[in-house]
Each structure stands twice: as structure tokens, then as C-alpha cells.
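Work through the exercises below with the sequence and the 3D view side by side. Each task is followed by a solution that proceeds step by step.

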Amino acid sequence: MELKELGCRAKSVKYEVALLSTEVKNELLHSIADALVADADEIIAQNAIDMENGRKNNMHPGLLDRLLLTQERMEAIAEGLRQVANLPDPVGEVLETFTRPNRMVIEKISVPMGVIGIIYESRPNVTPDAFGLCFKAGNAVILKGGSDCIHSNKAITDCIRKTLSGKGYNPDMVQLIEATDRSVTAEFMKMKEYVDVLIPRGGAGLIRAVVENATIPVIETGTGNCHVYVDKDADIEKAIAIIMNAKTQRIGVCNACESLVVHEDIREELLPVLAKKLQEKNVEIRADEAAREALSGLDNILSATEEDFGTEYLDYIISVKTVANEDEAIAHINRYNTGHSECIVTENEAVAEKFKQQVDAACVYVNVSTRFTDGFEFGFGAEIGISTQKLHARGPMGLRELNSYKYTIVGDGQIR
């Protein structure tokens with residue numbers, strides 16, 4: 001199907017989606033969740049084709065992890081859709097009401113954006129997540145996944161469309177662009193006549209390409225060069241647990257810790273113990289000179305470069321920077337971070353408060369792993385992405401962020 005026809009169908013059906021009642025949307029989301037679990041074997045079989053192709057193409061282990069679908073992950077996807085169904089419907093919510101001196105009554109009302117386009121890479125879980133959130137928020141959605149997950153995406157989309165059609169609703173509420181060449185992606189970015197907003201999900205290259213080339217308004221979801229700063233007043237045991245979780249629980253995600261910042265007063269106590277635990281997980285450590293001195297008894301401690309401090313590894317690698325105080329830590333983080341998620345480990349409330357106020361990121365944590373930057377963990381159900389920009393939406397983007405608003409004005413014959 002040509003892109004123009006996809007666009008025409010989405011533009012036509014967006015008004016139908018916008019008018020669906022909350023009850024109907026919730027019933028359909030539950031039905032689709034059930035259908036995805038029922039069809040899990042077929043979807044996983046199609047995903048196996050993508051996984052095999054990924055291995056043949058020497059795909060990075062972190063990206064393979066993102067690509068993989070299992071029975072457990074299918075159950076989690078379905079649970080995400082059910083959670084979205086259970087969330088309040090933002091469509092039609094009256095955000096503000098006020099009356100002017102001339103007795104005009106003005107209401108600010110939440111409304112769907114219309115047609116949302118999603119461009120993403122090796123993340124087949126984005127397919128149902130994006131549909132569920134866009135649909136509950138009253139939008140039609142056009143999906144453009146990467147060639148590396150095309151079999152998975154087709155199987156998931158077919159299941160959703162089949163369920164919608166079986167319930168008597170237009171399946172074009174969700175459409176997948178099946179062509180995988182880059183020229184189609186470039187054309188999709190310029191379909192402003194049909195698509196109201198475009199959201200990229202993927203690596204820095206994809207996001208940069210969309211931001212620089214799209215004529216459609218873009219909500220930028222950023223990469224995650226996330227830091228954990230261990231202050232001199234940190235609880236060592238708590239710090240080690242947080243760092244290990246943030247770095248090793250899942251390496252191929254944007255909220256994983258990529259860089260450790262350590263107060264010089266605590267480095268001798270923290271780093272040798274932490275390094276041994278990281279090395280047990282095969283994490284490569286790239287440290288500055290002061291940190292290497294504290295780790296002099298250990299092998300395979302590499303020198304960190306300037307580039308290391310600004311790198312989102314998505315791998316078993318972590319950089320280590322030593323600082324003299326929290327001001328240096330904040331300055332270092334604000335220089336190298338990507339505006340995603342930053343953490344401080346400290347028992348000093350004043351330092352924690354300064355960190356919260358001065359670190360420039362969508363999510364700032366005190367004594368909590370950065371792995372919680374996630375729509376599911378925030379109680380939003382599935383998420384459409386983590387916005388690192390400052391206009392319209394920032395942080396995990398749930399239902400409210402997929403609505404715009406309009407004003408309605410009611411009077412009794414007022415003229416200006």
C-alpha cells in the first residue's frame with residue numbers, strides 16, 4: 001500500500017477513534033491484550049526469524065535484547081494494555097474553566113492529536129504499546145518499525161487489526177508501514193498533510209535524522225547517557241545495590257546507568273567493592289586517574305577518555321568520574337548528560353535537594369535506580385517514549401501527553 005493511501009485512511013479514521021466512548025476503548029484494549037497472549041506462539045515464531053536475522057547481521061547484544069520476545073514479555077505487553085484500559089480517559093477532560101467579565105464562559109478541554117506517527121527500531125514491544133496509548137487517547141496511529149523487526153511487527157499488528165475488525169471496528173485505527181527501505185521512512189517524515197505529530201524511538205542516529213528532516217511536528221525522545229552520583233554521605237550498601245541494578249539489570253535500555261560519578265572522599269571505600277561486583281557481571285570499567293588509583297589492586301581497569309563520559313554504551317561498560325564535591329558532580333552531569341535520568345545516592349537532604357534543583361534532566365532520582373524511568377513504573381501503563389525535550393511533554397509520555405487541547409467559548413450574544 002502506498003504511503004499516501006495509508007495517510008488518507010488514517011486521516012479518515014481519526015475522527016472515528018476520537019468519538020469512541022471510554023467503555024468501548026477499554027473493552028477493545030482488553031480484547032486485544034487477550035488476543036496477543038492467545039497468538040503469542042505465532043508472534044514469538046515470527047520474532048525468532050528477526051532474531052536469527054539479527055544474529056546473522058551481527059546485531060549488538062543490547063539491541064538483540066530489545067528485539068527479543070518471550071512468553072513472559074508477551075504477558076507483560078498484554079498487562080501494559082490492560083493497565084492502559086484501567087487508566088482515566090483524558091479525552092474530553094475539562095482542564096480549566098473561567099468566566100470573563102462579559103459573561104463568556106471559556107473551557108479548556110483535552111482533545112486527541114489526531115494521527116500520530118511512530119518511527120522506531122528493533123523494539124517490537126513498541127508496536128502494541130504505541131497502539132494502546134494512542135488509541136486510548138483517541139488517536140489513530142501509523143507505525144514505521146525497522147527492517148530488523150519487521151516479522152514481529154507484522155504479526156503483532158495483524159493480531160490487533162484482526163481483533164478490531166472482529167469487533168466491528170475499522171482496523172485502520174492502527175497501520176504498519178511494511179516497506180523497509182530508508183526512502184520510505186524519509187517520505188513518511190514529510191507527510192504533514194496526514195500526520196499531526198511524529199515520535200521517534202531509537203538510537204541517537206534515528207532521532208537526529210527525524211528531528212533534522214521531518215516537516216511534521218516532532219516530539220523528541222532522547223538517548224540516555226544516565227549517571228549515578230555517589231555523594232560522600234552515601235550509604236555504601238545502598239549505593240552498590242542501586243548502581244548494580246541501574247547498570248546490569250538490563251543493558252540495552254535508555255534508562256540504564258552509563259556513567260558513575262563518585263565523591264573523592266568515598267572512592268576508597270566504594271570503588272574496590274563495587275568494581276569486583278561489576279566485574280562479576282563482566283562490566284568493563286573505564287575510569288579517570290583518581291578512580292584508577294583507588295582500584296590499583298584490580299586488573300582490567302581502563303583509562304576513561306573524554307568521549308567515554310558522553311557515550312551511551314548500551315553495553316557492559318561504565319565510565320567513572322571522580323569529583324571533589326556535589327557542585328562538580330552537577331556540572332559534570334549537566335555537561336555530558338542527554339536530559340534523560342540522573343541519580344544521586346546520599347543521606348544528606350540538603351545535597352539531595354540541591355541535586356534535584358540543579359540537575360537538568362527529565363527525571364532526577366534520590367536514592368532510586370534510574371531504571372524506574374518507565375511509563376509502566378510511573379503508573380502510566382505502557383509508554384510511548386521518554387521525552388527529553390522541554391516543549392509539550394517531558395519524561396515518560398503517557399495518555400495525557402498524547403492529547404492536545406482546545407478552548408470552547410459559550411455566551412449569549414456577546415460581540416466585540
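**Exercise 1.** Locate N225 and describe its surroundings.

*Solution.* Begin with the chain: N225 lies in the loop that joins α9 (204–213) to β7 (226–230), where helices (H or I, at least four residues) and strands (E, at least two) are DSSP runs numbered from the N terminus. This is a predicted model, in which local features need pLDDT of at least 70 and side-chain atom pairs count only at pLDDT 80 or more, while totals for chains, interfaces and linings use all residues. Residues are numbered from 1 along each chain as its sequence is written, and side-chain values use heavy atoms, with hydrogens and water left out.

Next, consider exposure: N225 has a relative accessible area of 0% and is therefore buried (under 20% relative accessible area; exposed is over 50%, partly exposed in between, with a 1.4 Å probe and protein chains only). Then look for its contacts (heavy atoms within 4.5 Å): not counting residues up to four places away in sequence, N225 touches, among others, E258, F309, Y336 and E342. Finally, a polar atom of the N225 side chain lies 2.9 Å from the backbone oxygen of Y336.

**Exercise 2.** Find the strand order of the open sheet of 7 strands, and identify its edges.

*Solution.* The order is β10-β9-β11-β8-β7-β12-β13, with parallel pairing; two strands pair if DSSP finds at least two bridges between them. At the edges stand β10 (301–303) and β13 (363–366), each of which pairs on one side only. From one strand to the next, the twist averages 25°, where axes are lines fitted to C-alpha atoms, for helices over the stretch in contact, and angles run from 0 to 180 degrees between N-to-C directions.

Now examine one edge: β12 (residues 341–345) and β13 run parallel and are joined by 4 bridges, and I344 has V366 as its bridge partner in β13. A helix also crosses this sheet, since α14 (residues 326–336) lies across β7, β8, β11 and β12, running at about 175° to β7.

**Exercise 3.** Which strands form the open sheet of 3 strands, and why does each edge strand have a side without a neighbour?

*Solution.* The strands follow the order β1-β2-β16, with antiparallel pairing. Because β1 (94–99) and β16 (403–410) each have a single partner strand, one side of each is left without a neighbour in the sheet. Strand β2 (residues 105–112) pairs with β16 over 8 bridges in the antiparallel sense, and I106 has I409 as its bridge partner in β16.

How values were computed. Polar contact = N/O pair within 3.5 Å; in protein donor to acceptor, adjacent residues only side chain to side chain.
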